[in-house]
Amino acid sequence: MKNPMIRLREMHDFVGNSERIAVEYLLKNPGTVLDCNIRELAAKIYVSPATIVRLCKRLGFDGYREFRQSLIYELALYQSNDRISKNDIERDDSVESIVEKITYKNIISLEETKNLIDIEKVRKCVELLCSCENILIFGMGASFCVAKDAYLKFLRVNKPCFVVEDWHSQYLQAQNSRPGDLGIFVSYSGETGEMIKCLKQIKGNNTPSILITRFASSTMASLATHVLYTSSNESLFRSGAISSRIAQLNIIDILYTAYVTANYDQCVSRLNITHIDKS
């Protein structure tokens, strides 16, 4: 399931003006597509049918027919689950309300990220993890916390991996990359200048790469070998990453667990050896 509503929301800020008008209309009135062909929908939105087709393809659909079928299915699923929309954080929210809203947003972010995952891409990423000599991990700010989590996980099973905190060292790491290595990049926007420079260097060295980012067109997405998308569902109070970080950590957990499963006997042995008894 391609989840068109998720894709519409995530793509909102990355499309042209006419396409954005269509996105905003569909987000507010998704049920309109149930009874409209492409010309009728275009007339309601005051855009051309070509704009609708272009938007559908940018969202990853073959055309309006596939988009419409997926949206009908998604709306039926949401209704059957009786999903309600939680408001954003407000000035007078109680602690109880904050607990409910933030937890809800994190749960939805994980669920939507699962629906954005391309299983075949995950398989290819795991193959790269298994075959590479070294894992080189990159991230800035809150994304570095996710990068460090990945480092600690692979360190536990003795998979050679490297992560450094300051950007200059990360750039040196990228410059020293080799075709037999693998770069893992974590970037919510996919437009972080320092990370773009590192990824360009990795690509120039013929080193394969995995990018974990939001579902949207970006410079880094165009450069990476494989892109794994996350949903964020961020609060307006995004002074730091909240649900986007949870979604990124979830992708790391999936990659790590799939790697361990693919190398089960070796990894279980290392996990037993590296276990620290805290008693």
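Is Tyr46 buried or exposed? Tyr46 is exposed, with a relative accessible area of 75%, and its place is the loop between helix H3 (38–45) and helix H4 (49–58). The structure discussed here is a predicted model, with a mean pLDDT of 89 for the protein and 91% of the residues at 70 or more. Some caution is due over residues 235–240, where the pLDDT is below 50, although this stretch has eight contacts in the model beyond near neighbours in sequence. The points below treat the nonpolar cores, the strands and helices, the cysteines, and two loop residues.

**Nonpolar cores**

- The largest nonpolar core has 29 residues, and among these Leu129, Ile135, Ile184 and Leu255 touch the most other members.
- At least two residues of this core come from each of the following elements: helix H7 (119–131), strand E1 (135–139), helix H8 (142–156), strand E2 (161–163), strand E3 (182–186), strand E4 (209–214) and H12. The element that gives the most is H12, with six residues.
- A second core, separate from the one just described, is made up of 25 residues, including Cys36, Ile45, Phe61 and Tyr64.
- When neighbours within four places in sequence are left aside, the contacts of Ile184 are with Leu129, Ile135, Leu136, Ile137, Phe138, Ile210 and Ile212.

**Strands E3 and E4**

- Strands E3 and E4 run parallel to each other where they pair, and four bridges join them; Val186, for its part, has Ile212 of E4 as its bridge partner.
- Strand E4 is largely enclosed by the rest of the structure, because six of its six residues are buried.

**Helices H1 and H9**

- Helix H1 (residues 4–11) is mostly covered, with seven of its eight residues buried; the buried ones are Pro4, Met5, Ile6, Arg7, Leu8, Glu10 and Met11.
- In helix H9 (residues 167–175), the buried residues include Gln170, Tyr171, Gln173 and Ala174. These residues lie on the same side of H9, because the arc they cover around the axis is only 155 degrees.
- The elements that cover the buried residues of H9 include E1, H8, E2 and helix H10 (193–204).

**Helix H12**

- Arg245 belongs to helix H12, which spans residues 243–262, and Arg245 counts as partly exposed because its relative accessibility is 30%.
- Between Arg245 and Asp35, which are 210 residues apart along the chain, the separation of the C-alpha atoms is 38 Å.
- Leu249 is also a residue of helix H12, and with a relative accessibility of 23% Leu249 counts as partly exposed, since the buried class requires a value under 20%.
- Although Leu249 and Ala147 are 102 residues apart in sequence, their C-alpha atoms are 8.8 Å apart in space.
- If residues up to four places away in sequence are not counted, Leu249 touches Val146 and Asp149.

**Cysteines**

- The structure holds zero disulfides, a point that can be followed through the positions of Cys36 and Cys56.
- For Cys36, the closest cysteine sulfur is that of Cys56, and the distance of 13 Å is too far for a bond; the sulfur of Cys56 likewise has that of Cys36 as its closest cysteine sulfur, at 13 Å. The cut-off for a disulfide is 2.5 Å between the sulfur atoms, and so this pair does not qualify.
- Both cysteines count as buried, Cys36 with a relative accessibility of 6% and Cys56 with a relative accessible area of 2%.

**Loop residues with positive phi**

- Most residues other than glycine have a negative phi, and the two residues that follow are therefore worth a look against that background.
- Tyr46 has a positive phi of about 65 degrees although it is not a glycine, and, as stated at the outset, Tyr46 is exposed.
- Asn206, which is likewise a residue other than glycine, has a positive phi near 60 degrees. Asn206 lies in the loop between H10 and E4, and Asn206 counts as exposed because its relative accessible area is 58%, where the exposed class requires over 50%.

How values were computed:
Residues numbered from 1 in each chain as written. Predicted model: local features only at pLDDT ≥ 70, side-chain atom pairs only at ≥ 80, totals over all residues. Heavy atoms only, no water. pLDDT = per-residue confidence, 0-100. Contact = heavy atoms within 4.5 Å. Buried < 20%, exposed > 50% of the residue type's maximum accessible area, 1.4 Å probe, protein only. Core = buried A, V, L, I, M, F, W, Y, C linked by side-chain atoms within 4.5 Å. Arc of directions from axis to C-beta. Pairing = 2+ DSSP bridges.
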